[in-house]
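Good morning, and thank you for making time for this. I would like to take you through one structure, element by element, and I ask that you keep it in view as I speak.

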Amino acid sequence: MKNILVKDFNHFTDRGVYIDKREPTAGHLWKLPGPKWKPLRTKMSPCFSIKKLKMIFSNLLHVGKEMGKSLEDECKKTEGIINVEKLCQCFTVDIVSSSIFGVETNSFLDKDNMYLKMEKELVKSDSRIRMIKAALQIIVPNFFDIFSFIKFETVKQSALSFVYEMVRTVIEFREKTGTVRNDIMQLLIQLKNGRKVDDNDDECETSGGSEICLTMDEVVAQAYTYFFVGSETASSALAMLVYECALNKQIQYQLQDDIDNGLATSEGKITYEAILEMKYLNMVISGLHWDAKYYPNPSKFDPGRFSKENSSKRHPCVYLPFGEGPRNCIGKRLGYFMLAVGTINIFKKFRVSVCERTEAPEINPLAYTIKLSKPLFLKISPRENEEN
Ligand code: HEM
């Protein structure tokens, strides 16, 4: 695995997926073949550096706070029986809308906002045919090459038009008003205007310009992909994590201790540095995996497998939640910190348990990404109410 992903990567640069060049999203990172992928990845990587993550960290904190408030209100209204799948979806959609598009939404209050609707449009498998086409483009790309004169649409056009319109409006507004925001769209605008995004300086002019310039279509393709892959992956992982903690009370208590201790060192504030110190949180986030070959009894939720000592006994390429090597997940830091901030905001104030309405979550086989197939109801109650 390490040879393919890292050592001999130069021979395995492509995902081998069919690309229909007529599709406006053809120019996004995930699909592009090696020679086209490399310059784009080089352009985009600085947008996801630690420095840039710290820049958008306040967005994560803000949405985390809103989630906490929403949980408090819901606990009063619904006696704490909450659809955690939806809660996590609102959380990640709001983070992605603010961090990528620079648009503040509050999906916890406004369940009809366009971003939430768009996410559903993008992810939902309303068309089996579209899903089958997408799967075949991965399995038998040559077939599509031969019949390339036929347009095999895999992306819902209404959702795509929405992203295009939104990106255009945001760019137009910022360019007209000179508004600058701490978000990924700002960095995409820099790249569109021929300004390199650098990890040391926030912005720097380049001599040539054209080779680092993103076209409008490329900006839309990136925004579309980040929205699509960024929100659903993290939302499903967070919902599964909460479910496992509801089932495994000892793990939940230990997680809460870790969070309480970590926050005590940062005057109660959730900071980037405090999160890095929460070692058990990291183990809990890592705890979801499927491979029985390396994790005996894989369905048992056991964060202990990911202690420093136990992890060091495994080959690093055994655990690849974000892939590995030059083509790994570009948003892995953002994804990880979304999970961390979400988990902290839930467990610092609430206990979670299963209830009569809880059904074991299942993965929707027809969704593009890992997605739960039904609502996940759990009982959530404020920690302050419980007896010690
Ligand atoms: C918990 C959250 C996430 C998980 C589990 C995840 C997982 C992955 C995995 C497994 C890959 C394939 C890596 C490989 O082939 O070696 C990938 C690729 C990718 N991910 Fe993520 N991801 C997450 C969040 C995000 C976020 C937040 C973004 C952006 C906002 C993002 C953007 C991408 C892109 C653009 C690629 C393609 C990279 C390339 O080909 O250069 N992901 N992700």
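Let me begin with helix α13, which spans residues 279-286 and is mostly covered, with 6 of its 8 residues buried. Please bear in mind throughout that this is a predicted model. The buried positions in α13 are Y280, L281, N282, M283, V284 and I285. What do these buried residues pack against? Their partners are three helices: α10, α11 (249-264) and α15.

Helix α10 will return several times, and I turn next to the nonpolar core. In soluble globular proteins, nonpolar side chains tend to be buried together. Here, the largest nonpolar core holds 88 residues, and within it A223 and V242 touch the most other members. The element that gives the most to this core is α10, with 19 residues. To make this concrete, consider A223: leaving aside residues up to four places away in sequence, A223 touches I100, F101, V163, V167 and L188.

Now to the sheet. Three strands, in the order β1-β5-β4, form an open sheet with antiparallel pairing. Why is one side of β1 and of β4 left without a neighbour in the sheet? Both β1 (81-83) and β4 (350-353) stand at the edges and have a single partner strand each, so one side of each has no neighbour there. Averaged over neighbouring strands, and with direction ignored, the turn of one strand against the next is 40 degrees. Between β1 and β5, the latter covering residues 377-382, the antiparallel pairing runs over 3 bridges. Looking at a single position, N83 has F377 in β5 as its bridge partner. Helix α10 appears again here: it packs on the sheet, where it touches β4 and β5, and its direction makes about 80 degrees with that of β4.

Finally, the ligand. Which residues are closest to the ligand? Of the 22 residues that surround it, the closest are G230, G323, C329, G331 and G335. Two elements give two or more residues to this shell, namely α10 (216-247) and α15 (332-347). The largest share, 7 residues, comes from α10. By class, the shell consists of 12 nonpolar, 7 polar and 3 charged residues.

To draw this together, α10 is one of the helices that the buried residues of α13 pack against, gives the most residues to the largest nonpolar core, packs on the sheet, and supplies the largest share of the shell around the ligand. Thank you for your attention.

Technical notes
Residues numbered from 1 in each chain as written. Predicted model: local features only at pLDDT ≥ 70, side-chain atom pairs only at ≥ 80, totals over all residues. Near = placed C-beta within 6 Å. Helix = DSSP H or I, 4+ residues; strand = E, 2+ residues; numbered from the N terminus. Nonpolar A, V, L, I, M, F, W, Y, C, P; charged D, E, K, R; others polar. Core = buried A, V, L, I, M, F, W, Y, C linked by C-beta atoms within 7 Å. Buried ≥ 20, exposed ≤ 12 C-beta atoms within 10 Å, placed from the backbone. Contact = placed C-beta atoms within 7 Å. Pairing = 2+ DSSP bridges. Axes fitted to C-alpha atoms, helices over the stretch in contact; angles between N-to-C directions.
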